[in-house]
Each structure stands twice: as structure tokens, then as C-alpha cells.
Amino acid sequence: MNKETQQRRHWLKQIRGLGLLALGLCASPLSVFAKKTDADEAIQKITGGAVAKEGKVILTIPPLVENGNLVVLKVSVDSPMTANDYVKSIHVVAEGNPLPNIFTVYLTPRSGTANITTRVRLADSQTVWAIAQMNNGSFWKGSAETLVTLSACTELV
Amino acid sequence: MSKTSRTSISMPTTAKKDSIIEIRAIAQHDMESGFRYTESGKLIPRDIIRTFTCTYNNVEVFKADFYSGIGANPLIIFTTVAVESGTLEFTWIGDDGYEAINQARITVS
Amino acid sequence: MKRLIPPYLLGSIFFVLATHQFIGDVNSAPPLKQSSYELMSAENKAMQDDPSLNPAMFWVGDGETLWQKKLGPKNKSCSTCHGDAKKSMRGVAAQFPKVVKGKLQTIEGQINQCRESAQSVPALPYESRDLLALTAYIAMQSKGLPITVSEDSTNTSYLKKGRQIFNERMGQLNLSCAQCHEDRAGLKLGGSLIPQGHPNAYPIYRLEWQTLGSLQRRLRNCMSGVRAQQFEYGSAEMAQLELFLMWRAQGLPLESPGVRP
């Protein structure tokens, strides 16, 4: 009886180890990069390869989202918005969406502020980026992370 | 044959000269992303609003490019400087010949 | 292994469970009525409260136009009989479902009954743009008013049936409405808080649907959620369940047209 139990426990431990290994592989950074590279590519296209500095851009999304179909997103770029110093464009890119680009806005000194609010679709929990281009050609970036949950009783079409 | 839908603009009707006003623009549109499937597994083609522009007495003061990630019944809130009295015109252009136009008057003193 | 639970202890455990169950029973007064509005994020609450942010307002606008539209051989619009909706429809949505000409009607059912008998035009399909628009426009005229559906001599038998449906286990998951929305309201299912399930904001712009929908659509979602055979749109069972739910939500102010995740 004892020897059998010992052998069974040994096998169970082996299987558990294999299970954990499999889980570890699933959760490895390799699978996450697949989406992140799309977003990185999109950002590279926006900046033309230039480096976007962190700062000036504040991206606000609720940290916990009840439904990813309509998420309020606010971007605010610190800028005097004068003829000599203003934000020319703001691009928002999502790491976890099937298509990384979400929207782009084009501003002028007549905009008054570089504050934008809209409602976006977020396919999954992820990091979202906002890249702002200034009139002097420089790029600035900011990001926000969010957890996206789903309603318990979804619709069976 | 172009298709269209209801839109709604919320902004002040009067403002002090050179003050900053907030404009809310929303259009009724499903924004079919192009990533959804029918029950039988067929891909539903993309059908979204692609651009939104705002002109102020015929001068473009704001433009936005929308992609599939913008939510249905797209809302955009932005600001502009109340430089003079006049008419602001808002245009939404999208797939399948979609076009919607709305206007609002402002008195600036 | 010689430890046996003494009968008196077993008896008292059973007694506590039984009374606890009784306290949760849907036939006694519920603890405190709460709209699922309270469970929403600040952003979603703002979306419901502000007409410039609430997508449902587009349907209300459509409904306002439809209200005036003359239809059918008699060339009648809703306004022909009912005049200004702001006056004639005020408080109406808070009273439905109710028995009209011997039949238990929901608002959608009543709209279709008017169309068929007074206007002589065909009924509108459930979840069609026009029916949702009219429902949203009419329901909005009762915004802020408390639900007044109560038991009376005309609806007693329907209310009883509705209560039975609410308490009866259904579907592959073998769950009743009461088990989630009465006994476990406030607890979590998955990542979401379980609401009490009051129908005080319908029709709603549901983020899940990305469009406006009726209470019956939502109830069908619940039923597919427990893998039950869904009640048909416009069926007698639907009306009975709606009646019970509105009776259960008495006193809660109507938020129509609402926003829900």
C-alpha cells in the first residue's frame, strides 16, 4: 500500500512539474512580444525612426474596465499651444489590439489646448501609448496600462 | 449613393473673444471593425468613419483620423479658440460613401 | 472516527440554514433596493447621465420623429391620438407591464397593439430600430419617476407566474434568477459584480451589444448564460417575468434610456 502511494505521489509530482513548465512557456515574454512588435512598428512609422522622449503626454484610461467595447480615453499634452510652440499631432497606439493604431488628431495653435477625449475599443488588458509630435518636429510619449474584464453573461448570438 | 446618419454637437453658443471652448461631437455609427465574424464564420467587412474635420468660418481647425479601434457611436471632445463669431462646420467621412455634416453657430464678443 | 455530530447540533445548524434561506426568500421584503447604476464606473455613469455623451439619445431622437409620422390607411401618427408625448406619456413607462383590454402588455407590446389596431399597420419586430426608438422615446418621458407597478386585481395571476419563473431553476447550469440576483447580489461572478437585476433603465445602450437593446434582449442573454431555452420575444412568459421584475423594483426611479456595461 505504502510503496504504491509513494510511486503515485512521485508520478503526480512529475506531472505537476511538467504542467508548471508548460504554463511557464505559455506565459513567457515570447508570446506577448508578438503584439508588442506590431505596436512598436506602428510607433516607428509615426516617428520615422526618431526616438520619442517620455514626458509631456498624459494618457488616462480607467485602470479597470468593465467592458472593452467602449472605454473613455483622455490624452493631454503639456504645451502652451502658441504659434511658436504647439502640438501638431497626437497618435494613439494600443499594444494589445488586432490593429495597433486607434486614432490620430491634428491640432493647430487655434486649438487652445492639446486635450482630447474619445471612446475606444480595447481587445484585452494592455498598455496603450500616445505619441505627440511638436511643431519643432520632436516626439514625446506617454502610456497607460489597463485591465479589461468581460461581463459574466455575454450574448449567445 | 452616399449614406449618412444622425450626429450631435455640444458647444457653447456664445463666448468671450479668445477664450477656449470645448466641443463635443458624436455620430451615430456602428463602426464595424472588420475583425468580427458572423455565426457561420464569415468575416464582416470593415465599415467605419475614417475622418472627422472641423472648420471655423471655413478654416480647418481640427482633424481626426479614426481606425477600427474607435468605439461605436464615435465621440470626440476637443477644444478650439473662440476667435470670432461665425459658423463651425463638422464633417464625418467613412467607408461605403458615408458622409455626415453638422453645423453650429457661435457669437463671440 | 468516533466523533458523531450530536443531533441537537445538527438540528440547530439546519435551523440556522433554513432561516437564513428564508431571510433571502424573494417573497419577503428585499433588504435594500439598488439600481445597477451604482455598480458602474464613474465614466459609464457619466455616459448615462449626460445627454451629450449618451449614445441612446440618437434613438430617442428617432423616436421623436417616428411619434409624428403619419402611417397607414387612416393616416394616423402616435401624436394624432396621444398628442404631445411629454405630457401624455409622462409616467406611462413606470406603469408597464400592465393589463390592457384583457391582455398583459409590455411597452413594446402596447406600441405594436396601437400600430395594428389604431393605425392599421404591421407590428414592428423586436429589436428593430423603429421599435427601440419608440420605446426609448416613451420610456424617457418617465425618466426620474419611481416605478409604480404594483399588485392589483387584474395582474395577480400573471404576477404569480412571473414570480414562479424568477424562482425556478433553468438551463444546463440549473440556476434560477433568484439564486444570482437575490441570494448573491453584491457578490462577484467572474470579474463582475452581480447586480440585483432591476429593469429600471430600459431600453439600455449596452456596451456589450454596442447598441441599444430591450429588456427582453437582456433577459434572453441571462437565459443563454445559464444555457436555458430562451423565451421568445413578445411571449406571454416574457411579459409575466417583466411584470414580476418591475413589481420587484417598485419605487426605484426610472433611468431610461440607460447605459450598462
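**Notebook: chains A, B and C**

I began with chain A and looked up how much of it is covered: buried residues make up 36% of its 157 residues. I note at the outset that this is a predicted model, and I read every entry below with that in mind.

Next I went through the secondary structure of chain A, and I found 2 helices and 9 strands. Following the elements from the N terminus, I wrote down the order α-α-β-β-β-β-β-β-β-β-β, with the two helices ahead of the strands. I then turned to the contacts within chain A that have a separation of 6 or more, and 66% of them are accounted for by residues 24 or more positions apart.

I picked one residue of chain A, S138(A), and asked myself where it is found. S138(A) is in the loop between β8 (126-134) and β9 (139-148) of chain A. Is S138(A) buried or exposed? I counted 14 C-beta neighbours inside 10 Å, and because a residue needs 20 or more to be buried and 12 or fewer to be exposed, S138(A) counts as partly exposed. I also compared its place with that of S76(A): the two are 62 residues apart in sequence, and from C-alpha to C-alpha they are 17 Å apart in space.

My following entry concerns the side of chain A that touches chain B. Here 26 residues of chain A are in contact with 24 residues of chain B. On the chain A side, β6 (101-106) and β7 (115-120) each supply at least two residues, and I sorted the residues of that side into 12 nonpolar, 11 polar and 3 charged. Looking further at β7(A), I saw that this strand pairs with strand β6 (residues 75-81) of chain B in the antiparallel sense, over 2 bridges. Within these strands, T118(A) stands opposite I76(B), which belongs to β6(B).

Last, I moved to chain C and its helix α7 (residues 129-140). How far apart should the ends of this helix be? At 1.5 Å a residue, its 12 residues should span 16 Å, and the end C-alpha atoms are 16 Å apart, so the expected span and the model agree. I then checked how covered α7(C) is, and I found that 10 of its 12 residues are buried; among them are L131(C), L134(C), Y137(C) and M140(C). When I asked what covers these buried residues, I found that the cover includes α3 (56-68), α5 (85-88), α6 (107-117) and β6 (211-213) of chain C.

Note on methods:
Residues are numbered from 1 along each chain as its sequence is written. Chains are lettered from A and ligands numbered from 1 in the order in which they are written. This is a predicted model: local features need pLDDT of at least 70, side-chain atom pairs count only at pLDDT 80 or more; totals for chains, interfaces and linings use all residues. Helices (H or I, at least four residues) and strands (E, at least two) are DSSP runs, numbered from the N terminus. The expected span of a helix is 1.5 Å times one less than its number of residues. Two residues are in contact if their C-beta atoms, placed from the backbone, lie within 7 Å. Ala, Val, Leu, Ile, Met, Phe, Trp, Tyr, Cys and Pro count as nonpolar, Asp, Glu, Lys and Arg as charged, and the others, Gly among them, as polar. Two strands pair if DSSP finds at least two bridges between them.
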